[in-house]
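Hello,

Here is the structure I said I would pass on. Please look through it before you read my notes, which follow below.

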Amino acid sequence: MELSLASLAEYGRRYRRWSIAYSGGKDSSATVTFVAYAIKRGLVPAPESLTILYADTRQEYPPLHATAMRLLHRLRDDGFDTQVVLPAMDNRFYVYMLGYGVPPPSNRFRWCTPKLKIEPMAAALDAQRGDEKYLSITGVRLGESSVRDQRIAVSCSKDSGECGQGWFEVKPPSWAGDTLAPLLHWRLCHVYDWLYFEQYRHGYEEVAGIAAVYGDGDVRTGCIGCPLASRDVALERLANTAEWDHLLPLLELKPLFREMKGAQWRKRKVSPERTQDGGYSKNGQRKGPLTMPARAHFLKLVLDIQRRVNEAANGRPGVDLIDVAEEARIREMWSLDMWPRKWSAADVAADELIPIVRSVGTELVVQPMLFERR
């Protein structure tokens, strides 16, 4: 706590306005309550304003979303500015996937985080930025993942990165804020201690609701049925409790996302496209977007999952994976024959047998088909 307070005091004094990226998870909940506690108790110089931004992806676990809404309400009562931001309509998870036909995100094509969280938050800050940057406070910690730890190590060793009392990074002038992670050095046990056993200190008892998802284990959470995770451990835990057993149909989403990536549901390029240097793309015959029949098929399945969850809720928090406006927009995009850039209805089905084409330098080599489907 002393290191985190020193970090906030040192870097916070350089900025008149602070913002916090709040996701509703354990680390960001610890961060937002710690910063609010430090300001209310006068342990750090208070900024002129503190804006807490919650990116509502509507793909969060119901207990986390409900807890986040209650905590935001308390923070508003304490005089802090809180904002709930939504992605642009066409960037929302199911609209982007089932409207445009973009396949589910993966570790090699992780479009979800920028579209659902980063861009809406950045747009909200840009809209009120003025001539000065914000100090953008995040809940990033060491030990969350080896990939993130490596990224932190690289940024701390060059240019503007500063280690020690929190991870501070100066962003380019075009960014709305420079970032600070004051809880960088907190271990998982410190986070849990703060959330569950230090409520008498910080006063935000709402965060106890996070225990419904995390319990006392080292569980990482993402969106419901996150396609990037091998298992949705948190959802499995929830669906096996009496309080949240109505969420059981949501476990069907992960297998559904895996099925979406199959060739029978997607388009494919016949010939490699030209690159900017005049050559051909290496993965020229790559699989692409979902076909129109695939989009209609999976929309029906997702809406059915949503219906079954909400019918079984009986007064408990349900889900709103695809709302009425989003469904209407998805169907409108179909009527407008909308496809991702460089793709169209004219591209072949990905499960169609076609000659194999490979680029060798600036030339194409074609391997004729040995078999033909009849």
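**Salt bridges, a cavity and some single residues**

E332 and R329 form a salt bridge, with their closest N and O atoms 2.8 Å apart. Both residues lie in helix α13, and because they are three residues apart there, about one helical turn separates them. E332 is partly exposed, with a relative accessible area of 39%. R329, by contrast, is at 17% relative accessibility and counts as buried, the cut-off for that being under 20%. Please keep in mind throughout that this is a predicted model.

R329 has a second partner to look at. A salt bridge also joins R329 to D90, where the closest N and O atoms are again 2.8 Å apart. D90 sits in the loop between β3 (81–85) and α4 (93–98), while R329 belongs to α13 (residues 324–335), so this pair ties together parts that are 239 residues apart in sequence.

Another pair of this kind is R316 and D245, whose side chains meet in a salt bridge at 2.8 Å, N to O. This one also links distant parts of the chain: R316 is in the loop between α12 (292–313) and α13, and D245 is in the loop between α10 (233–239) and α11 (253–260), 71 residues away. R316 is partly exposed, with a relative accessible area of 25%. D245 counts as partly exposed too, at 38% relative accessibility.

How many salt bridges does a search of the whole structure find? The search gives 27. Some of them share partners, and in this way R58, R92, D320, D323 and E326 are joined into one network. As a general point, side chains of opposite charge can pair when their charged atoms come close.

Next, the empty space inside. The count comes to one cavity of 30 Å³ or more, and about 50 Å³ of space lies in the largest cavity. Which residues line the largest cavity? They are D56, T57, R58, Q59, L86, P87, R92, F93, Y94, L116, L321 and E326. By class, this lining has six nonpolar, two polar and four charged residues. R58, R92 and E326 are in the lining, and they also belong to the salt-bridge network named above.

Then there is V44, in the loop between α2 (26–40) and β2 (49–55). Is V44 buried or exposed? V44 is buried, with a relative accessible area of 5%. Apart from its neighbours within four places in sequence, V44 is in contact with L5, L8, A9, W18, A38 and I39. For one of these, A9, the C-alpha atom is separated from that of V44 by 5.3 Å, although the two residues are 35 apart along the chain.

Last, two backbone angles. N314 is not a glycine, yet it has a positive phi of about 50°. N314 is found in the loop between α12 and α13, the loop that also holds R316. At 68% relative accessibility, N314 counts as exposed. D337, also not a glycine, has a positive phi of about 55°. The place of D337 is in the loop between α13 and β9 (348–349), and at 42% relative accessibility D337 counts as partly exposed.

Regards

Definitions and conventions
Residues are numbered from 1 along each chain as its sequence is written. This is a predicted model: local features need pLDDT of at least 70, side-chain atom pairs count only at pLDDT 80 or more; totals for chains, interfaces and linings use all residues. Side-chain values use heavy atoms; hydrogens and water are left out. A salt bridge is a side-chain nitrogen of Lys or Arg within 4 Å of a carboxyl oxygen of Asp or Glu. Helices (H or I, at least four residues) and strands (E, at least two) are DSSP runs, numbered from the N terminus. Buried means under 20% relative accessible area, exposed over 50%, partly exposed in between (1.4 Å probe, protein chains only). Contact means heavy atoms within 4.5 Å. On a 1 Å grid over the protein atoms alone, a cavity is a set of points where a 1.4 Å probe fits but cannot get out, and a pocket is an open set with protein on both sides within 12 Å along at least five of seven lines; lining residues have an atom within 4 Å of a point. Grid points are joined across faces, edges and corners, and a volume is the space filled by probe spheres set on the points. Ala, Val, Leu, Ile, Met, Phe, Trp, Tyr, Cys and Pro count as nonpolar, Asp, Glu, Lys and Arg as charged, and the others, Gly among them, as polar.
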